[in-house]
Amino acid sequence: AKTGLNQTICFYEARMDEAARTRRALAKDLWAGIERKQFSLFYQVQKSVATGETIGYEVLLRWLHPERGMVPPSEFIPIAEECGAIVPLGEWVLRTACTEAARWLHPYKIAVNLSPVQIGHVDLVALVSQVLAETGLAPSLLELEITETTIIADKTRALHILRQIKALGVTIAIDDFGTGYSSLDTLRSFPFDKIKLDRTFMTEVETSPQAKAIIRAILALGRSLNVPVLAEGVETEDQLALLHLEGCDEAQGYLLGRPKPQADIHELIRRAKTM
Ligand code: C2E
Ligand code: CA
Ligand code: CA
Ligand code: CA
């Protein structure tokens, strides 16, 4: 039994080593990947629940690694945040998304994810206003998605920066809502323009009465604060029907559209225009 346990521990340690090695290797590759243009942006549609009309697109970062293939953001974003590569990467995302969206034949809103590290280490206000000026994208077409972690670290400073960004005419959405530690406190401290209901609620809505009750409560909260709520991760017609019934404003998920490369979106908009 003793050997068995030892073997298990060794195996575990080997796996930890392996994980640490992978992280170090990825961190190194991240910096090179930025220079070698291995990153691209995908766009996922956000629609009105009531009318089915397209409201905007969330911008999702993709990394095509020369040996590893497509590395998911859940794997490389935390590493990029740890090693600081998120700063140039985040700037690239913002600039590229604004450039691409400014060329679309229809002015759809784009929603760009912000890392907490970006709020802490960059003059975000200057960056955002510079990128808007450079690309000519209307400020009202840019939305920044932040999670509660972004605010918790240094609340006073974060709120000050977000207010200045809002003053530029850019809107701010609160992402993954309902999973943080202080959701209600966050809502009270800042006038968000949108609440994005975390995907886990959709996953559980058909099986858990609690999840359904919480969705209802958040929708009521959105209505009384006069803030639209977007449900993330909508995969089935039943989920969409329920959102319709409960008066949810917007939805996003595989049912409405998978994330697609920029060229596909551009073509989609062009065809819709000429029809
Ligand atoms: P997120 O901001 O919550 O983005 C939504 C994620 O859910 C995306 O995963 C999207 O592909 C996925 N998704 C959308 N609809 C569905 C659905 O119906 N079912 C399921 N199962 N999943 C769905 P993705 O692209 O892998 O991104 C993961 C996370 O990585 C994002 O979560 C975001 O936190 C982060 N991320 C992505 N791009 C960026 C970026 O440019 N900057 C920063 N800082 N973070 C990013
Ligand atoms: Ca997001
Ligand atoms: Ca989210
Ligand atoms: Ca998330």
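Trainee: Why does Asn113 count as partly exposed?

Mentor: In this predicted model, Asn113 has a relative accessibility of 30%. Buried means under 20% and exposed means over 50%. The value for Asn113 falls in between, so the residue counts as partly exposed.

Trainee: Why does Glu58 count as buried?

Mentor: Glu58 has 5% relative accessibility. The limit for buried is under 20%, so Glu58 meets it.

Trainee: What makes Glu58 and Asn113 protein donors of the calcium ion (ligand 2)?

Mentor: Distance. For calcium, an N, O or S atom is a donor within 3.2 Å of the metal. Glu58 (OE), Asn113 (OD1), Glu145 (OE) and Asp175 (OD) lie 2.2 to 2.4 Å from the calcium ion (ligand 2), so these atoms qualify. Along the chain, the donors follow the spacing E-x54-N-x31-E-x29-D. Glu58 sits in strand 2 (residues 54-65) and Asn113 in strand 4 (residues 109-113). The two residues are 55 apart, and the pair links distant parts of the chain.

Trainee: What makes Asp175 a bridge, and which ions are involved?

Mentor: Asp175 is a donor to the calcium ion (ligand 2) and also a donor to the calcium ion (ligand 3). Asp175 thus bridges the two ions, which lie 3.9 Å apart.

Trainee: Is Asp175 buried or exposed, and why?

Mentor: Asp175 is at 7% relative accessibility, and buried means under 20%, so Asp175 counts as buried.

Trainee: Which protein donors does the calcium ion (ligand 3) have?

Mentor: They are Asp175 (OD), Asp176 (OD) and Glu232, which is listed with OE twice, at 2.2 to 2.5 Å. The cut-off for calcium is 3.2 Å, so these distances pass. In sequence, the donor residues are spaced D-D-x55-E.

Trainee: How do you know which residue coordinates the calcium ion (ligand 4)?

Mentor: The calcium ion (ligand 4) is coordinated by Asp176, listed with OD twice, at 2.7 to 3.1 Å. These distances are within the 3.2 Å allowed for calcium, so both entries count. Water is not among the atoms, so a site may look incomplete. The calcium ion (ligand 4) is 5.9 Å from the calcium ion (ligand 2).

Trainee: Why does Asp176 count as partly exposed?

Mentor: Asp176 has 28% relative accessibility, which lies between the limits of 20% and 50%, so the class is partly exposed. Asp176 is found in strand 6. Its phi is near 55°, a positive value in a residue other than glycine.

Trainee: Why is a positive phi worth pointing out?

Mentor: Most residues other than glycine have a negative phi. Asn226 is another case, with phi near 65°. Asn226 is placed in the loop between helix 10 (209-225) and strand 8 (229-231).

Trainee: Why is Asn226 called exposed?

Mentor: The relative accessible area of Asn226 is 70%, and exposed means over 50%, so the label applies.

Trainee: What makes the contacts of Gln44, Arg199 and Glu235 with ligand 1 polar contacts?

Mentor: A polar contact is a pair of N or O atoms within 3.5 Å. A polar side-chain atom of Gln44 lies 3.0 Å from a nitrogen atom of ligand 1. For Arg199 the corresponding distance is 3.1 Å. A side-chain N or O atom of Glu235 is 2.5 Å from a nitrogen atom of ligand 1. Each distance is within 3.5 Å, so each pair counts. In total, 21 residues surround ligand 1, the closest being Gln44, Arg62, Arg199, Glu235 and Tyr254.

Trainee: What lines the largest pocket?

Mentor: The lining has 35 residues, and Glu58, Leu60, Pro73, Asn113 and Asp175 lie nearest the pocket's centre. The space in the pocket is about 1100 Å³. Among the elements that give two or more residues to its lining are strand 2, strand 4 and strand 6 (171-177). By class, the lining divides into 14 nonpolar, 11 polar and 10 charged residues.

Trainee: How many cavities of 30 Å³ or more does the structure hold?

Mentor: It holds one. About 40 Å³ of space lies in the largest cavity. Its lining includes Gly90, Val112, Asn113 and Leu144. Helix 5 gives the most, with three residues.

Trainee: How does the lining of the largest cavity divide by class?

Mentor: There are seven nonpolar, three polar and no charged residues. Gly counts as polar, so Gly90 in the lining belongs to the polar class.

Key: Residues numbered from 1 in each chain as written. Chains lettered and ligands numbered in written order. Predicted model: local features only at pLDDT ≥ 70, side-chain atom pairs only at ≥ 80, totals over all residues. Heavy atoms only, no water. Donors = N, O, S within 2.8 Å, 3.2 Å for Na, K, Ca; no water. Helix = DSSP H or I, 4+ residues; strand = E, 2+ residues; numbered from the N terminus. Buried < 20%, exposed > 50% of the residue type's maximum accessible area, 1.4 Å probe, protein only. 1 Å grid on protein atoms, 1.4 Å probe; cavity = no way out; pocket = protein on both sides within 12 Å on 5 of 7 lines; lining within 4 Å. Points joined across faces, edges and corners; volume = space filled by probe spheres on them. Near = heavy atom within 4 Å. Polar contact = N/O pair within 3.5 Å; in protein donor to acceptor, adjacent residues only side chain to side chain.
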